[in-house]
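Me: Could you show me this protein and walk me through how it's put together?

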Amino acid sequence: MKKHALSTRLWHWINLFFLVILFMSGLTISNAHRRLYWGDWGFAAEQAWLVVPRFPDWMTIPGYYSLAVARDWHNLAAWPFALMLLFMWVAMLVNKHFVRDLVTSRTEWKPSAIWHDIVEHAKLNFDHGDQKYNFLQKLTYGIVLGVFLPMMVFTGISISPGMEPTFGWLVDLLGGRQSARSLHFIFAFLLFGFFVLHVVLVLLAGPYRQIRDMITGGQQ
């Protein structure tokens with residue numbers, strides 16, 4: 001039996017590709033107006049809760065300042081990203097990957113069990129026994145798949161030009177267009193933090209085997 005299903009492997013690499021485009025083009029869009037606000041509107045410096053640093057061109061798409069080009073790249077990647085997330089959730093429910101590998105048990109939520117997982121991670125002991133993932137991995141992947149990624153889609157729709165007349169209810173639910181923009185920024189950098197942590201743990205756990213298994217599927 002394969003450790004990683006074909007649907008998981010396809011989504012993993014395609015999602016990475018689109019996330020890189022979205023993040024780098026998003027930095028260019030951020031450079032266009034670096035102040036973030038809460039509520040329905042905001043423009044003045046005194047209304048901002050955060051002034052974002054200007055990101056250098058080498059970190060951005062298209063590699064120079066052009067809001068129009070950056071938005072084109074962002075929109076080009078946004079819809080495939082959203083559809084791939086929907087595909088992944090359908091696949092996880094159909095092949096029972098979600099129930100089998102990501103759903104946590106009541107026992108795993110005991111403070112002693114959580115502390116044990118933290119200690120084992122600190123020791124760089126990534127042995128999961130019979131399970132595919134330990135509690136911390138299940139919790140992290142669950143938050144990323146169930147909160148971070150969907151919120152990128154919902155907040156992205158809310159701040160997209162021309163979408164508000166159709167999705168006004170979603171804008172209101174998120175606290176206003178400027179709140180949606182702030183949340184979009186926050187979740188983007190939470191995902192970036194997860195990406196950095198994920199890469200570090202892959203390197204510590206053995207990058208050759210981890211990357212090979214995510215390409216070939218590996219053996220359970």
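**Helices, rings and cores**

Reply: Sure! Keep in mind that this is a predicted model. The protein has 8 helices and 2 strands.

Me: In what order do those pieces come along the sequence?

Reply: Read from start to end, the pattern opens with a helix and then goes through two strands. Helices make up the rest, giving α-β-β-α-α-α-α-α-α-α.

Me: How many aromatic pairs are there in the whole structure?

Reply: Rings of Phe, Tyr and Trp pair if their centres lie within 6.5 Å. Searching the whole structure on that basis gives a count of 13.

Me: Take the rings of F23 and F189: is that pair stacked or edge-to-face?

Reply: A ring pair is described by the distance of the centres and the angle of the planes. For F23 and F189, the centres are 5.3 Å apart and the planes meet at 65°. Planes over 60 degrees apart count as edge-to-face, so this pair is edge-to-face.

Me: How many residues apart in sequence are the parts that this pair ties together?

Reply: F23 sits in helix 1, residues 6–32. F189 belongs to helix 7, residues 177–205. The pair therefore ties together parts whose separation in sequence is 166 residues.

Me: Is F23 buried or partly exposed?

Reply: Buried means under 20% relative accessible area. F23 has 22% relative accessibility, and its partner F189 has 29%. So F189 counts as partly exposed, and F23 counts as partly exposed.

Me: Which residues do ring pairs link into a cluster with F23?

Reply: F189 is one of them, as you'd guess from the pair we just looked at. The full cluster is F23, F55, F185, F189 and F192.

Me: Which helix supplies the largest share of the largest nonpolar core?

Reply: That core has 31 residues, and F81, L145 and L149 have the most contacts inside it. Helix 1, helix 2, helix 5 and helix 7 each give at least two residues. With 9 residues, the largest share comes from helix 5.

Me: What does L145 touch, leaving out residues up to four places away in sequence?

Reply: Two tryptophans are on the list, W11 and W89. Counting everything beyond those four places, L145 touches W11, L85, M88, W89, M92, L102 and P150.

Me: And how many residues are in the second, separate core?

Reply: Its members include L27 and V52. F55 and F185, which also appear in the ring cluster, belong to this core too. Its size is 5 residues.

Note on methods
Residues numbered from 1 in each chain as written. Predicted model: local features only at pLDDT ≥ 70, side-chain atom pairs only at ≥ 80, totals over all residues. Heavy atoms only, no water. Phe/Tyr/Trp six-rings, centres within 6.5 Å; stacked < 30°, edge-to-face > 60°. Helix = DSSP H or I, 4+ residues; strand = E, 2+ residues; numbered from the N terminus. Buried < 20%, exposed > 50% of the residue type's maximum accessible area, 1.4 Å probe, protein only. Core = buried A, V, L, I, M, F, W, Y, C linked by side-chain atoms within 4.5 Å. Contact = heavy atoms within 4.5 Å.
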